[in-house]
Amino acid sequence: MKIFKDMQDDLHTVTQHTLQFFLGVHQIGRKVLEYQRCVEDIENNDMANVVDIKIKQIGEIQKILSVLESLKSFGEVEVSKSDVSIKREINGKLQKQLPIFGEAWIVTQISKNTIAITYPYDGIIKIFNIEDEIMIKVIKLHNYCCGISFFNESLAVGLGSKAVYCINESGKQIWQYEHDLEGPRGLRNDTFGNVIVADYKSNKIIAISKDGQDSKVLVRQACGLDRPMFICLRNDLSSGFVCDGDEKYFAKFNLSYN
């Protein structure tokens with residue numbers, strides 16, 4: 001009986017393994033068949049073909065793109081700049097004192113360390129080096145000189161009561177202007193070389209061209225000008241300021257260039 005049972009168990013094991021092997025082979029066969037059918041479907045449906053895709057633009061889109069390509073800009077941006085008032089602590093410190101003698105009147109800067117000062121009652125201009133605190137030159141004009149301004153290696157000087165002279169740093173005359181002046185006092189050059197003159201006695205502000213050939217009255221007494229003695233210009237040349245010698249009058253005037 002034991003031998004029969006052992007034979008029966010061995011047969012069951014072999015049958016079981018044979019069945020599992022058969023089922024495995026059958027499943028593989030099914031998978032192979034599925035893959036074969038999938039490949040056939042792809043071939044039959046043109047799924048494996050190379051496809052070129054082209055997009056055709058309709059007329060309205062083409063018109064829009066054409067307009068956009070011709071545009072140089074989509075608009076302009078305007079930036080306005082304004083000064084903002086910021087409270088800051090401002091301090092000052094005296095850096096240099098230059099000992100001078102005589103009745104000095106008006107000063108102009110020639111270079112970083114060089115200045116020129118008029119001495120009207122002596123009829124001279126003194127040039128100083130403020131760094132070394134020494135006088136390096138005296139230009140004798142032999143006439144009353146008051147206003148002075150430096151521009152492009154030359155000095156414009158109000159000379160006498162009715163003239164403005166332009167001289168070089170050696171004192172050689174370049175040109176002179178003697179029209180419509182009654183008492184030239186304050187002088188300033190603009191960035192174009194024109195000489196802006198505050199004429200004290202005629203109550204005018206006059207612009208003289210840089211070559212001394214032409215002039216133009218900018219402001220008259222009828223505008224309210226009253227004995228202008230000293231003058232300065234803003235850096236942007238949009239306006240200037242004048243005051244008298246009695247510390248009673250101060251005025252602003254506008255400038256425009258065409």
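Below is a chat about a predicted model of one protein chain, covering its sheets, its cysteines and a few single residues.

Biologist: What should I know before I start looking at this model?
Modeller: Residues are numbered from 1 along each chain as its sequence is written, and side-chain values use heavy atoms, with hydrogens and water left out. The model is predicted, so local features need pLDDT of at least 70 and side-chain atom pairs count only at pLDDT 80 or more, while totals for chains, interfaces and linings use all residues.

Biologist: OK, how many helices and strands are there?
Modeller: The protein chain has two helices and 15 strands, where both are DSSP runs numbered from the N terminus, helices being H or I with at least four residues and strands being E with at least two.

Biologist: And what share of the residues is buried?
Modeller: Of the 258 residues in the protein chain, 30% count as buried; buried means under 20% relative accessible area, exposed means over 50%, and partly exposed lies in between, using a 1.4 Å probe and protein chains only. The accessible surface comes to about 19700 Å², with 52% of it belonging to carbon and sulfur atoms, as computed by the Shrake-Rupley method with a 1.4 Å probe, where for residues only the protein chains shown count as cover.

Biologist: Let's do sheets. What is the order of the one that starts with strand 1?
Modeller: That open sheet has four strands in the order 1-2-3-4, with antiparallel pairing, and two strands are said to pair if DSSP finds at least two bridges between them. Its edge strands are strand 1 (107-109) and strand 4 (134-140), each of which pairs on one side only. The twist averages 25° from one strand to the next, with axes taken as lines fitted to C-alpha atoms (for helices over the stretch in contact) and angles running from 0 to 180 degrees between N-to-C directions.

Biologist: How many bridges join strand 3 to strand 4?
Modeller: Six bridges join strand 3, residues 124-129, to strand 4 in the antiparallel sense, and the bridge partner of Ile124 in strand 4 is Lys140.

Biologist: What about the sheet with strands 5 to 8, why is one side of strand 5 and of strand 8 left without a neighbour?
Modeller: That one is also an open sheet of four strands, in the order 5-6-7-8 with antiparallel pairing. Strand 5 (145-151) and strand 8 (173-177) stand at its edges with a single partner strand each, so one side of each has no neighbour in the sheet. Here the twist averages 20° from one strand to the next.

Biologist: How do its strands link up, say strand 7 and strand 8?
Modeller: Strand 7 and strand 8 form a hairpin with four residues between them, and Gly171 in the turn has a positive phi of about 95°. Four bridges join strand 7 (residues 163-168) to strand 8, running antiparallel, and Tyr165 has Gln176 as its bridge partner in strand 8. Strand 5 and strand 6 (residues 154-159) pair antiparallel over five bridges, with Ala156 in strand 6 as the bridge partner of Ser149.

Biologist: Is Ala156 buried or exposed?
Modeller: Ala156 is buried, at a relative accessible area of 4%. Not counting residues up to four places away in sequence, Ala156 touches several residues, including Ile148, Cys166, Leu187 and Val195, where contact means heavy atoms within 4.5 Å.

Biologist: What is Ser154 doing in that strand?
Modeller: Ser154 sits in strand 6 and is buried, with a relative accessible area of 13%. A polar atom of the Ser154 side chain lies 2.8 Å from the backbone oxygen of Phe151. Leaving aside neighbours within four places in sequence, the contacts of Ser154 include Ser149, Cys166 and Ile174.

Biologist: Switching topic, how many disulfides are there?
Modeller: There are zero disulfides in the structure, a disulfide being a pair of cysteine sulfur atoms within 2.5 Å. Cys243 is in none, as the nearest cysteine sulfur, that of Cys232, is 8.0 Å away. Cys243 is partly exposed, with a relative accessible area of 25%, whereas Cys166 counts as buried at 7% relative accessibility.

Biologist: Last one, which residues other than glycine have a positive phi?
Modeller: Most residues other than glycine have a negative phi. Among those with a positive value, Asp180 has a phi of about 60°, lies in the loop between strand 8 and strand 9 (184-189) and is exposed, with a relative accessible area of 53%. Arg227 has a positive phi near 50°, is placed in the loop between strand 12 (215-219) and strand 13 (230-233) and is partly exposed at 32%.

Technical notes
Polar contact = N/O pair within 3.5 Å; in protein donor to acceptor, adjacent residues only side chain to side chain.
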